[in-house]
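Please open the model in a viewer and follow the stops below in order. Each stop names a selection and then describes what is found there.

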Amino acid sequence: VQLQASGGGLVQAGDSLRLSCAASGRTFSNYAMGWFRQTPGKEREIVAAISYSGQRTYYADSVKGRFTISRDNAKNTVYLQMNSLKPEDTAVYYCAADRVYSDYKRTYDYWGQGTLVTVSS
């Protein structure tokens, strides 16, 4: 699976941003998808995950109520809608795919390149 993330940018605190991740190469609906983020000097952390059909989702406590993960299997795309952004959300965001879904899964088989989100105060 090849993954291409996009949608990052520079925004102000309180603004919204939507990230997209387009997948190709395999049957998209066979894969669970996740969004991760990483800042310099810190480990990569999961932000959100979504199951194959979108029935199950998982969110990190830090983004619950502000971020929404969704997917469009017809478009082979997963989204991360980010509202009420905070400076601490500043990070490189990565999308990832795996054949197995789990709320607790942190290792994914396929990764896209990152897209930088910068939130100014």
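**Stop 1: a strand pair and its sheet**

Select Ser70 and Tyr79 to begin: Tyr79, in strand E8, is the bridge partner of Ser70. The model on display is a predicted one. Extend the selection to E7 and to strand E8, residues 77–82; the two strands pair in the antiparallel sense over six bridges.

Now add the remaining strands of this sheet. Four strands form an open sheet, and their order is E1-E3-E8-E7, with antiparallel pairing. At the edges are strand E1 (2–6) and strand E7 (67–72), each of which pairs on one side only. On average, and with direction ignored, neighbouring strands of this sheet are turned by 15° against each other.

**Stop 2: the disulfide**

Next, select Cys21 and Cys95 and display their side chains. The structure holds one disulfide, and it is formed by Cys21 and Cys95, with the sulfur atoms 2.1 Å apart. The link joins distant parts of the chain: Cys21 belongs to strand E3 (residues 17–24) and Cys95 to strand E9 (residues 91–98), with the two positions 74 residues apart. In general terms, a disulfide is a covalent bond between the sulfur atoms of two cysteines.

Which hand does the disulfide of Cys21 and Cys95 have? The torsion about the S-S bond is about 60°, so the disulfide is right-handed. Cys21 is buried, because its relative accessible area is 0%. Cys95 likewise counts as buried, at 0% relative accessibility.

**Stop 3: Ile46**

From Cys95, move to Ile46. These two residues are 49 residues apart in sequence, and their C-alpha atoms are 9.7 Å apart in space. Ile46 is placed in strand E5, which covers residues 45–50.

Is Ile46 buried or exposed? Ile46 counts as buried because its relative accessibility is 7%, and the cut-off for that class is under 20%. To see what surrounds the residue, select its contacts. Apart from neighbours within four places in sequence, Ile46 is in contact with Trp35, Phe36, Tyr58, Ala60, Lys105, Arg106 and Tyr108.

**Stop 4: strand E11 and its partners**

Select strand E11, residues 115–120, which contains Thr115. In a regular strand the side chains alternate between the two faces of the sheet. In E11 the covered face carries Thr115, Val117 and Val119, whereas Leu116, Thr118 and Ser120 are on the uncovered face. Colouring these two sets separately displays the division.

Add strand E2 (residues 9–12), which pairs with E11 in the parallel sense over four bridges. Within that pairing, Gln12 stands opposite Ser120. Then add E9, which pairs with E11 in the antiparallel sense over three bridges. Here Tyr93 is the residue opposite Thr115.

**Stop 5: Thr115**

Finally, centre the view on Thr115. This residue is buried, because its relative accessible area is 9%. Which residues are in contact with Thr115, leaving aside its neighbours within four places in sequence? They are Ala5, Ser6, Gly7, Gly8, Leu19, Ala91, Val92 and Tyr93. For Gly8, a distance can be displayed as well: its backbone nitrogen lies 3.0 Å from a polar atom of the Thr115 side chain.

Notes:
Residues numbered from 1 in each chain as written. Predicted model: local features only at pLDDT ≥ 70, side-chain atom pairs only at ≥ 80, totals over all residues. Heavy atoms only, no water. Pairing = 2+ DSSP bridges. Axes fitted to C-alpha atoms, helices over the stretch in contact; angles between N-to-C directions. Buried < 20%, exposed > 50% of the residue type's maximum accessible area, 1.4 Å probe, protein only. Contact = heavy atoms within 4.5 Å. Polar contact = N/O pair within 3.5 Å; in protein donor to acceptor, adjacent residues only side chain to side chain. Disulfide = S-S within 2.5 Å.
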